Amino acid sequence: MLDAVLLNMRNCGRIAACGMVSQYNLEKPEGVHNLINIVSKRVRMEGFVVLDHFSKYRKFEEMVVQHLKSGKITYVEDIAEGLESAPTALVGLFKGKNVGKQLVVVARE
């Protein structure tokens, strides 16, 4: 994904790198291509760790809840049905198979 992002960045754009779950269990981490675009487009790429911003959590939470309630922010859920589908859903997280938040519905009331 980063390869495609680098090709499509605007000049002086910024990339926040957070997570990397797809890389956690690889014996050989995947390489990145198109790095020349960081220089030619003067892109800034920086790691993001949520704990560095924990002091702002309450303010963020208040703002996001308002946006969710008003419909300004929407989200996608990837729902797997039944407990028997949980292992496949979990493995899919590490392979980039899900879109949005992965949920497993055990029972519908």
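A residue is called buried when its relative accessible area is under 20%, exposed when that area is over 50%, and partly exposed in between. In the predicted model described here, F60 has a relative accessibility of 47% and therefore counts as partly exposed. F60 is found in helix α3, and it belongs to a nonpolar patch on the surface that is formed by F48, V49, V50, L51, F54, Y57, F60 and M63. Together, the residues of this patch have about 830 Å² of accessible area.

Charged side chains were examined next. Side chains of opposite charge can pair when their charged atoms come close. In this structure, three salt bridges are found. One of them lies in helix α3, which spans residues 57-70 and holds both E61 and R58. The closest N and O atoms of E61 and R58 are 2.9 Å apart, and because the two residues stand three positions from each other in the helix, they are separated by about one helical turn. With respect to the surface, R58 is exposed, its relative accessible area being 56%, whereas E61, at 30% relative accessibility, counts as partly exposed.

A salt bridge also joins the side chains of R108 and E81, with a distance of 2.5 Å from N to O. E81 belongs to strand β3 (residues 77-81), while R108 lies in the segment after β4 (101-105), so that this pair ties together parts of the chain that are 27 residues apart in sequence. R108 has a relative accessible area of 58% and is therefore exposed, and E81, with a value of 44%, is partly exposed. In a further salt bridge, the side chains of R44 and E46 meet at 2.3 Å, again taken from N to O. E46 is partly exposed, as its relative accessible area is 42%.

The strand that holds E81, β3, also takes part in strand pairing. β3 and β4 pair in the parallel sense, over five bridges, and the bridge partner of A80 in β4 is V104. Between these two strands the chain passes through helix α4 (residues 86-95), and the resulting β-α-β crossover is right-handed. The two strands are thus linked by their parallel pairing, and a salt bridge connects E81 of β3 with R108 in the segment after β4.

Definitions and conventions
Residues numbered from 1 in each chain as written. Predicted model: local features only at pLDDT ≥ 70, side-chain atom pairs only at ≥ 80, totals over all residues. Heavy atoms only, no water. Salt bridge = Lys/Arg side-chain N within 4 Å of Asp/Glu carboxyl O. Buried < 20%, exposed > 50% of the residue type's maximum accessible area, 1.4 Å probe, protein only. Helix = DSSP H or I, 4+ residues; strand = E, 2+ residues; numbered from the N terminus. Patch = residues over 30% accessible without salt bridge, like charges linked within 9 Å, V, L, I, M, F, W, Y side chains within 5 Å. Areas by Shrake-Rupley, 256 points an atom, 1.4 Å probe, with all protein chains shown as cover. Pairing = 2+ DSSP bridges. Right-handed = clockwise from strand over helix to strand, strands pointing away.
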